[in-house]
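Trainee: I have the model open and I want to test the labels on it. Can we go through them one by one?

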Amino acid sequence: INNSIVDREYGVGKKGLLFIKLSIKLIDPNSKEESKENDDFDLDEDDLAFEDELDVEGDELESEPNNDEEQARLEAEAKAKAEEEARLKAEAEAKAKEEEEARLKAEAEAKAKEEAEAKAKAEKESKDKETLASQPDNTIVVDVLKATNIKGDLLSKADVYVKLTLDKDKKNTFKTKTVKSNSNPVWNESFTFNITNVETQTLTIQAFDDDMFKDDKLSTDVIQVKDLLDINNSIVDREYGVGKKGLLFIKL
């Protein structure tokens with residue numbers, strides 16, 4: 001090699017290089033000169049400069065990352081991120097779709113229920129009209145039966161009578177006889193009304209205490225004529241209150 005730098009590439013890893021300088025100094029065996037320099041290498045200025053250059057290049061090689069490995073790592077991270085975003089998006093879309101289907105189902109069920117109720121109501125109204133139309137002369141008969149526990153004023157018992165009015169029309173107004181001084185009057189009187197519109201007409205039932213100057217109103221109840229179709233010729237099991245404890249019984 002003759003005291004020169006070995007220009008061989010000693011591989012380190014995939015791309016690393018190791019640079020070695022080898023030198024041999026031949027010594028005359030007959031020479032009496034002895035020096036410590038026999039044990040050391042002599043480096044001239046050029047050798048030292050090259051050695052420094054090699055140190056710098058070695059440091060750069062050590063500091064430089066492996067481009068292929070770094071690129072692969074970045075691509076793997078990007079792929080994993082994209083897959084995660086796709087998964088979250090798919091889950092969100094599936095959840096939104098499920099919620100939308102549930103909402104549409106609830107709306108459809110509510111609409112079907114509403115339509116069924118409307119249909120049932122229409123059928124009932126139609127049936128009620130047919131029932132009323134089948135009755136002779138479209139009339140209703142009201143029997144005023146009795147009352148109980150009717151309280152009068154402080155000085156005497158009540159003198160009770162009942163007044164019936166169809167549509168607040170004086171021409172369609174009837175009243176019972178007055179039962180004098182009786183807390184439990186009995187009438188058993190019947191009254192007939194002609195019906196022209198079952199959907200709108202009303203029957204007003206009032207109880208009075210007959211006084212000399214002005215009659216005292218004891219109670220007022222208003223009944224829709226269409227509701228009378230459900231009573232079916234029986235005593236009304238409603239408590240038509242008269243005063244605090246009184247009751248009025250009507251047969252329709």
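Mentor: Start with what counts as a helix: a DSSP run of H or I, at least four residues long, numbered from the N terminus. Glu84 and Arg87 both lie in helix 2, three residues apart, which is about one turn of the helix. Keep in mind that this is a predicted model.

Trainee: What makes Glu84 and Arg87 a salt bridge?

Mentor: The cut-off is a side-chain nitrogen of Lys or Arg within 4 Å of a carboxyl oxygen of Asp or Glu. Between Glu84 and Arg87 the N to O distance is 2.5 Å. That is within 4 Å, so the label holds.

Trainee: Why is Glu84 called partly exposed?

Mentor: Partly exposed falls between buried, under 20% relative accessible area, and exposed, over 50%. Glu84 has 36% relative accessibility, so it counts as partly exposed. Arg87, at 38%, gets that label too.

Trainee: How many salt bridges does the structure hold?

Mentor: Six. Another one joins the side chains of Glu70 and Arg73, at 2.5 Å from N to O. Both residues lie in helix 2, residues 67–134, three residues apart.

Trainee: What makes Glu70, Arg73 and Glu77 a network?

Mentor: Arg73 takes part in two salt bridges. One is with Glu70. The other is with Glu77, again at 2.5 Å from N to O. Those bridges link Glu70, Arg73 and Glu77. Arg73 and Glu77 are four residues apart in helix 2, so about one helical turn separates them.

Trainee: How do you know whether Glu70, Arg73 and Glu77 are buried or exposed?

Mentor: Check each value. Glu70 has a relative accessible area of 29%. Arg73 is at 38%. Glu77 is at 44%. These values fall between 20% and 50%, so each residue is partly exposed.

Trainee: Now the rings. Why is the pair of Tyr161 and Phe208 called stacked?

Mentor: The structure holds three aromatic pairs. In this one, the ring centres of Tyr161 and Phe208 are 5.3 Å apart and the planes meet at 15°. Centres must lie within 6.5 Å to pair, and planes under 30 degrees apart count as stacked. Both tests are met, so the pair is stacked.

Trainee: What parts does the Tyr161 and Phe208 pair tie together?

Mentor: Tyr161 lies in strand 4, residues 160–166, and Phe208 in strand 7, residues 202–209. The pair therefore ties together parts that are 47 residues apart in sequence. Tyr161 and Phe208 are both buried.

Trainee: What makes Phe174 and Phe193 edge-to-face?

Mentor: The angle between their planes is 80°, with 5.1 Å from centre to centre. Over 60 degrees counts as edge-to-face, so the name fits. Phe174 is in strand 5 and Phe193 in strand 6, so the pair connects parts 19 residues apart in sequence. With Phe191, these two form one aromatic cluster.

Trainee: Phe174 or Phe193: which is buried and which is partly exposed?

Mentor: Phe193 has 1% relative accessibility, so it counts as buried. Phe174 has 32%, so it counts as partly exposed.

Trainee: How do you know that Lys175 lies over the face of Tyr161?

Mentor: The distance to the ring centre is 4.9 Å. The cut-off is 6 Å, along with an angle within 35 degrees of the ring normal. Likewise, the charged end of Lys146 sits over the ring of Phe249, 5.4 Å from its centre.

Notes: Residues numbered from 1 in each chain as written. Predicted model: local features only at pLDDT ≥ 70, side-chain atom pairs only at ≥ 80, totals over all residues. Heavy atoms only, no water. Phe/Tyr/Trp six-rings, centres within 6.5 Å; stacked < 30°, edge-to-face > 60°. Helix = DSSP H or I, 4+ residues; strand = E, 2+ residues; numbered from the N terminus. Buried < 20%, exposed > 50% of the residue type's maximum accessible area, 1.4 Å probe, protein only.
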